[in-house]
Amino acid sequence: MSNVYNIPSAAVEDVVEQLTELYSSAYMGGVLQTAPSAMLWGAMGVGKSTAVAEIADRLSERIQTKAAVTEIRLLNFSPVDLRGIPAADTQRQFTVWLKPKIFDMDRDMVHILFLDEISAAPQALQASAYQIALDKRIGEFPLPENCIVICAGNRTTDRSVAFRMPKALANRLMHFEVQADFESWYRWAARKEIDPRVIGYLAFDNSRLAAEAGVEELAFPTPRTWEYVSRLLKTSGKEPAELHLLLSGCIGVSNAAEFESWCSIYRKLPSVEDILSGRCTAQIREMDVLYALVSSLLACVSQRKESLKTRELENICNYASYFPADFAALLFRGFLQIQGMDRKLAAVSSFLSWMKKNKRYL
């Protein structure tokens, strides 16, 4: 529990799963309109926005209906903007309100109205969200029945622009403090095909996932900036050392240098193609190289999931079964996050044999 806010703290994955379960059950029961709105608190770049997108994706799968996210930043609006533009009625006797186009939602879909960076708005502007959060209305206009409201923002202790949330608004929301957690991030990274060097480095040193930033630091590691690093590596096709300036701009000079130095370990890795074919017999014992090899194999399986042959997967699992148990478990946990891979692994004898002896590690 957070000592400051008296709210539960949880990894991103746990919050995503709990809210997905809540909203999918409410939808199937026809009571989505009554489901309480949620507020995600957390440090910059911890993954709050990504969590909302993940909720939409999982919700779509579970209820077999498209779930879309409509993002609003209150700081870009005034209370009048949210209510709409006043206009005369047809008899020109009363004022009516024309609601903003952003709230024109397809009623055949499920919508997540995402009020991002809500704590960056002054309290007077946050107050405009009272009715949205509790009554799911904007002035005289109700939101569609299949509409979920989720808010997110930084805490006042996060060295960011943040105002205290009015208690009247706070009492209309379920609150969660979202924390960076490597295991949660690792499962997400495996699904999203994050560059294997980034996965391997952070598996080697979990503390670098979301390092504490100094008072004056502008570039520092967070789940968000590591995703930027992955994009830069994939887009350029260059070695990390060749991108030192760009990487430093994302995660800071010292962190970029340490990451680049660690990436040189990749030169020591055995050939993935040799492992796939069953030709590789070299046994790796150095921990840093093992972390790199696990992330390399995970990336290979993720990229080839459609074309990967059962024999190739058998060879990988057989090779990995000789790893120390915690490293084999790290690899297999990543495999199980890849869509459809659980069915393929069910036909791999070396994986099933390892599971019988070491299931506790998973």
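In this predicted model, Arg 73 forms a salt bridge with Glu 71, and the closest N and O atoms of the two are 3.0 Å apart. A search of the whole structure finds 19 salt bridges, and this briefing looks at a few of them, beginning with the partners of Arg 73.

**Arg 73 and its partners**

- Arg 73 has a relative accessible area of 34%, so this residue counts as partly exposed, and Glu 71, at 39% relative accessibility, is likewise classed as partly exposed.
- The side chain of Arg 73 also meets that of Asp 116 in a salt bridge, with a distance of 3.3 Å from N to O.
- Because Arg 73 lies in strand β3 (residues 67-73) while Asp 116 lies in strand β6 (residues 110-116), this pair ties together parts that are 43 residues apart in sequence.
- Asp 116 has a relative accessibility of 2%, and because buried means under 20%, Asp 116 counts as buried.

**A network of shared partners**

- Elsewhere, salt bridges that share partners join Glu 13, Glu 17, Glu 21, Glu 54, Arg 58, Arg 62 and Arg 191 into one network.

**Arg 58 and Glu 54 within a helix**

- Among the members of that network are Arg 58 and Glu 54, which form a salt bridge in which the closest N and O atoms are 3.2 Å apart.
- Helix α2 (residues 48-63) holds both Arg 58 and Glu 54, and the two are separated by four residues in sequence, which is about one turn of the helix.
- Both Arg 58 and Glu 54 are buried.

Methods: Residues are numbered from 1 along each chain as its sequence is written. This is a predicted model: local features need pLDDT of at least 70, side-chain atom pairs count only at pLDDT 80 or more; totals for chains, interfaces and linings use all residues. Side-chain values use heavy atoms; hydrogens and water are left out. A salt bridge is a side-chain nitrogen of Lys or Arg within 4 Å of a carboxyl oxygen of Asp or Glu. Buried means under 20% relative accessible area, exposed over 50%, partly exposed in between (1.4 Å probe, protein chains only).
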